[in-house]
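The following exercises are intended for a reader new to this structure. Each task is followed by a solution in steps.

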Amino acid sequence: MVTLSDLPDQSRADRTPPTPLELKLRRQRRVSSAIRYVLLIVVGLIMVYPLLWLVGAAFKTNSEIFNSPWFWPARPTLEGFREGWETSTPYNFGHFFLNSMWIVIPKVIGTAISCTLVAYGFARFEFPGKKILFAILIATLLLPDVVTRIPQYLLFRELGWLDTYLPLFVPSWVAGDAFFVFMVIQFLRAIPREMEEAARVDGANTAQTLIFIVVPMLMPAIISVCLFQFMWTMNDFLGPLIYISSVEKYPVSIALKLSIDATEAFNWNAILSMTVLALIPSLVVFFLAQKSFIEGISTGGVKG
Amino acid sequence: MAELQLKSLEKKYGNGFKAVHGIDLEVQEGEFMVLVGPSGCAKSTTLRMIAGLETITGGEVRIGDNVVNDLVPGKRGIAMVFQNYALYPHMKVRRNLSFGLKIKRQPKDRIEAATGEVSGILEIEELLERLPKQLSGGQAQRVALGRALIKQPEVFLFDEPLSNLDAKLRASMRVRITDLHKRLRDEGRPATVVYVTHDQVEAMTMGDRICVMKDGHIMQVADPRTLYDRPANAFVGGFIGMPEMNLVPAVLTRDPDLRLTAGGQSVAVPDGLAHRLGIPDGAVTMGLRPQHLTLVAPGSDGAFDAKVVNVEFMGHEINVHARLGDAVLVAVVPTGGMGAEVSRGDLIGLRPDGARIHLFDAETGKNVSLTNHH
Ligand SMILES: Nc1ncnc2c1ncn2[C@@H]1O[C@H](COP(=O)(O)OP(=O)(O)OP(=O)(O)O)[C@@H](O)[C@H]1O
Ligand SMILES: [Mg+2]
């Protein structure tokens, strides 16, 4: 980290005339912090350039995209957006956004509620078989996704849930995301129990303690869970690809791929424009929740 | 307000560890009972069983006329103040205070009146709109106190409420709590209090009675004066009092005069002690409070000769450490007189106050010098 203390201290310099050694040290410090900043800026630019290019390219014409690696469009045009929004299907892109919301909203809400409940149970209560159940929970974390794809598919087919959104969000309603449960448990473990005990002494029952005391204290963690779930679900490609077969029900992630259709010439600017649009919800949500989010992922989260 | 009774109360933790071994304790209505003892002696465990935060594995807890073993904490008529305040971090002080009443669905105006009254008593009116993290330790503890007070419980439970505060604040909070207790008593709604601490100053200054615990057993329950003057056993003798009581292995002989031998020196048992002894001869532990040893010339009658190993000047008095056999005795002597002259390496005489020597059974630690004294 570069901090203020790395910079030469002006006030002190005014008071006593610096010795040659001090001058040398100060110069060295200045040079080293300059190098650090340059390095950070360069690496930062490299990381962010593809994103900048994506945004720029969305405003380019189809031919310009391949002619210039520079991100700034020569003649900005909204062509791509207009074309992309209309899509080659009977539905416009707004429809697909709405479809995404039908998946994302129930999933995020379900995850927040179920993970909090399960984590509260694991972190605060003793019950028979707790150790084994917790081990199973962690084991599902370690299980690669692909292993469960086929059995899950068969299960949902038997239930008659194919080509519906149910397979995409119902598992989250029953705390199917072990990672989030684990995250909330860890957060909860760092919160002293006294507050909950005080609430019980105050006459609150288990549910009231959870709602009035635990959930508010867990808020940073819950917001992080919601945020992750929102972004991951928005970006999930494989899930909808497997379970959703009618175009009418496609979410954004699949709809984007629709534009890359073998029968037409690729309209790259249309695809890129819609990609930019698809990024916006995640970005907006992230920046809205940024403060709590950072509190949530930095461990502990409770101030003394 | 009601009395509190523990009847052969036991606690065995899930890991098989037995923390509380069937203790009996009766706290009168309006009494300030202090539970004191070294760390790990199960003070908190006992208190938490009373509160209902820890399951009871044997015996019963009675508050007023009810056995409360199976009641949830909220139904026991208790309020608790925790060591780390345990204020609800996301609620303003006002809501922290009123949370319990809200849960009990008290009418709004009654909640408001109670909040006003309690914050007046504890002088926290200006803090009502603050969050707990905006409070100092002392203020936070006052709010925690208010949260207990507002419920007007049958029994107040405190678990080392002052140990997170600095020495000065601790002293003033101590006075505040005892004042509050007296005030409630004067107003005709006496509060029964169980107060856990490991600080004997708190115990002695605050308690109507003190319950000294060790390893899940009760060693003695008595008022501060009795505890100090008539400790039931060597543990209580050593635990209460500053500096600690000197506990010296000794032998009591009777041939035919009673004599005490310690560190190779034999001293005639003073009159004050002799008539209290109803025991046979044998090995004992002699308990001598530093304040009850008088500095005399070596070789004096009824005194043990000891070699000074350290002298601590305390300002108002002097602590003289002197070796007698294998033991080092501490004597507290006035700054004037002989005490001013002794220095390391000197041979001195230490004469115990016969009326205040305690003899404890060498095996059981029981005080055997209380017999005829009531
Ligand atoms: N959950 C638990 N499981 C097993 N043993 C426990 C548990 N809680 C406490 N103990 C043990 O019970 C004994 C009493 O603990 P307790 O917390 O009541 O002591 P204490 O007198 O309050 O000590 P302190 O002054 O340090 O607070 C200790 O030996 C402790 O190790
Ligand atoms: Mg304790």
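**Exercise 1: A covered helix**

Task: Determine which residues of α10(A) are buried, and what covers them.

Solution. The model is a predicted one.
Step 1. Buried means under 20% relative accessible area. In α10(A), this applies to Met195(A), Glu196(A), Glu197(A), Ala198(A), Ala199(A) and Val201(A).
Step 2. The helix spans residues 194-201 of chain A, and 6 of its 8 residues are buried, so that it is mostly covered under this definition.
Step 3. From chain A, the cover includes α5 (93-124) and α11 (206-235). Chain B contributes as well, with α1, β6 (78-81), α2 (93-103) and α4 (137-149) among the covering elements.
Step 4. After α10(A) comes Gly203(A), which has a positive phi near 105°.

**Exercise 2: The surroundings of ligand 1**

Task: Describe the shell around ligand 1 by residue class and by contributing element.

Solution.
Step 1. The shell includes Tyr13(B), Ala42(B), Ser44(B) and Glu160(B).
Step 2. By class, its residues comprise 5 nonpolar, 5 polar and 2 charged.
Step 3. The element that gives the most to this shell is helix α1 (residues 43-51) of chain B, with 3 residues.

**Exercise 3: Polar contacts and burial of ligand 1**

Task: State which atoms of ligand 1 lie 3.3 Å from Tyr13(B), 3.0 Å from Ala42(B) and 2.6 Å from Ser44(B), and how much of the ligand is buried.

Solution.
Step 1. A nitrogen atom of ligand 1 is 3.3 Å from a polar side-chain atom of Tyr13(B).
Step 2. For Ala42(B), a polar backbone atom lies 3.0 Å from an oxygen atom of the ligand.
Step 3. For Ser44(B), a polar side-chain atom is 2.6 Å from an oxygen atom of ligand 1.
Step 4. Ligand 1 taken alone exposes 630 Å², of which the protein buries 63%.

Conventions
Residues numbered from 1 in each chain as written. Chains lettered and ligands numbered in written order. Predicted model: local features only at pLDDT ≥ 70, side-chain atom pairs only at ≥ 80, totals over all residues. Heavy atoms only, no water. Near = heavy atom within 4 Å. Polar contact = N/O pair within 3.5 Å; in protein donor to acceptor, adjacent residues only side chain to side chain. Areas by Shrake-Rupley, 256 points an atom, 1.4 Å probe, with all protein chains shown as cover. Helix = DSSP H or I, 4+ residues; strand = E, 2+ residues; numbered from the N terminus. Nonpolar A, V, L, I, M, F, W, Y, C, P; charged D, E, K, R; others polar. Buried < 20%, exposed > 50% of the residue type's maximum accessible area, 1.4 Å probe, protein only. Contact = heavy atoms within 4.5 Å.
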